[in-house]
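Colleague: I should like to understand how this structure is put together. Would you show it to me and take my questions in turn?

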Amino acid sequence: MSGRSVAIVGGATTKFGLRPATWSELAQEVGAALFRAMPELRAEDVDSLFLGAAEPERFAFQSHVAPLAAEQMGLRPTRILQRTELACASGQAAIRSAYAAIAAGLSDVAVAVGVEKMNLPSMAEANSAMGCVMDRAWDGPHGATAPPFFAMVAQRHMLEYGTTEEQMAAVSEKNHRFANTNPNAQFFDKTFPRDKLLRLPLIAPPLRLGDCSSMTDGAAAVVLVAGERVARYTDRPAWVRGTGQYSDFHNLANAGSLTDWVGLRHASRQALSQAKISVRDLDLAEVHDCFTISEIIEYEALGLCAPGEGGAFAADGRGEVGGDLVVNPRGGLLGCGHPLGATGISQALEVFQQFAGAVPSTRQAPDAEWALVHNLSGSANVHSVMVYQGGGAV
Amino acid sequence: MSGPATRRRAAATLAPASPTREPSAAAPPPDKRPTPSKPAERRPFLLDFFPLETARDTRLSRFFDRLREGRLSTTRCPKEGTLLWPPRTACPSCHTEELEWVDLPDRGRIYAFSAVLAGAPLGMEAEVPFAVGLVDLDGVPLRLFGRIEGAPWTALHVGQSVRVEPFPVEEGRVFYRFRVAP
């Protein structure tokens, strides 16, 4: 890692779910929550704002959203103000951009915020918005959205490795159980035992309702600062130690193997090698469980287990507190919901809170020092990874 | 099982589609079809996944002209011989804009499939449930995504033989899908 050191020093989130609130109101709400959570943060110290927003044009009929978010949050950025769009990874893209700006000396204090309003009066319109994440002219007319694509991924993984519906349900049960410890999660107050999950309706076979993350409204924000400013805000920062990204196709015809996520192997290797650690050093990981099969393949591509063993990794509880590492303690996309632009920010906030020991013990990774955050976007064609270290020196 | 006529055609598919090389994708023929319906009559452009197909709208109108004749085709880089899907106007490798059109096989086998049982985009709700899949085209290194008709999703299986089928879309447009082979 070159450039100045950078750390997350705080953050806040709105409640995720089916919210009786507009896009702008969600931005106001997260701004208010941020200043409540960080009384030492002064608006005039924030020189830059990076907004992760995937589809405000489709979901909220609103463009030029970065200055709108700034106004709603009560910020007047004087250096860099911009939106980052990378579909499901838009939030992490905002954090990576803020990190890069601070490391390069172009910013000292930056807010990375994600806002998404996905629930519309017409679900069909919302589904059309999800469809145009794909190659709209060539895949869209066939009815391509995320569920049928990830269903084909699941079908191939089951065919090639014998992965089962029960193993996929183990992922969903774990993440929903973690979400029961997170009042801001969409499914905080709903339980999903495995036998119930296996009886939920099929959405895109073999994927059932409980295998799929939701259409969710929500916003989250974190504050990143240059190393020398960290002590003004916290003594428990989350240091950015590595970042990696890989993109290898867009049209579904060019996907190559559905079950070997080469992009994640490359992106995580980049990020881990910058941090000078191995995947075995991780205490927790926030990975992109947009579908249960995604988390299973992510175990494999991250190198936590061999190809084909992701299902067993889930069923054997190796991602639980007390397992190899804690995976998705926040509740994952499955339990928290997936407001596209806010998800990556919310995951980073969980890492910050884990390092600070500020989460319930039922989801706390013991002695958490190293964490990885992963987002895929679209049809798993892009993978974005960040590695954080808690406490310690600059 | 594919019939003899189909086999003959599939075998010839990778020859250039006409003896002399056709104009490049960048230079489509003039469009002689009637102008599209008045805006008020069509569904909003931003809620319609089917692409605009005429030479007024796209440099790939030849793809749709051929599809209307029953031929699935794509572009190929003449320098490298690489088949490019979806059809393109420039090679992503050598960046030449002088691509040639070639017909593709009209048969393939299902590599993976699923079905949309809920959550269809606007305009497709009435088609639920519908099956989609990735299909390995016979004899070429292309795996195309598409709708699969002709059998309920519960009757499909990986490895199943399907054929390419053009179908009409509103406003005189055309698109392709797969149909389970008899």
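The questions below concern confidence, domains, the core and the contact between chains.

Modeller: This is a predicted model, in which local features need pLDDT of at least 70, side-chain atom pairs count only at pLDDT 80 or more, and totals for chains, interfaces and linings use all residues. Residues are numbered from 1 along each chain as its sequence is written, while chains are lettered from A and ligands numbered from 1 in the order in which they are written.

Colleague: Over which residues of chain B is the pLDDT below 50?

Modeller: The pLDDT is the predictor's confidence in each residue, from 0 to 100. Chain B averages 85, and 77% of the residues score at least 70. Where pLDDT is low, the predicted coordinates should not be read in detail. In chain B, the stretch with pLDDT below 50 is residues 1–23.

Colleague: Which element gives the largest share of the side of domain 1 of chain A that touches domain 2 of chain A?

Modeller: An automatic or database domain assignment supplies the bounds, and chain A is divided into domain 1 (6–121 + 215–232) and domain 2 (143–214 + 242–390). In contact (C-beta atoms, placed from the backbone, within 7 Å) are 36 residues of domain 1 of chain A and 29 residues of domain 2 of chain A. Helices (H or I, at least four residues) and strands (E, at least two) are DSSP runs, numbered from the N terminus. With eight residues, the largest share comes from H4(A).

Colleague: Why does the largest nonpolar core lie between domain 1 and domain 2 of chain A?

Modeller: A nonpolar core is a set of buried Ala, Val, Leu, Ile, Met, Phe, Trp, Tyr and Cys residues joined through C-beta atoms within 7 Å; buried means that 20 or more other C-beta atoms lie within 10 Å of a residue's own, exposed 12 or fewer, and partly exposed in between, with C-beta atoms placed from the backbone. The largest such core has 164 residues, and Leu224(A) is among those with the most contacts inside it. The core lies between the domains because residues are given to it by both domain 1 and domain 2 of chain A.

Colleague: How many residues of chain B are in contact with chain A, and how many of these are nonpolar?

Modeller: In chain B, 32 residues are in contact with 30 residues of chain A. Strands E4, E5, E6 and E8 of chain B each supply at least two residues of that side. Ala, Val, Leu, Ile, Met, Phe, Trp, Tyr, Cys and Pro count as nonpolar, Asp, Glu, Lys and Arg as charged, and the others, Gly among them, as polar. Three residues of this side are polar and four charged; of the 32 residues in contact, the nonpolar ones number 25.

Terms used
Contact = placed C-beta atoms within 7 Å.
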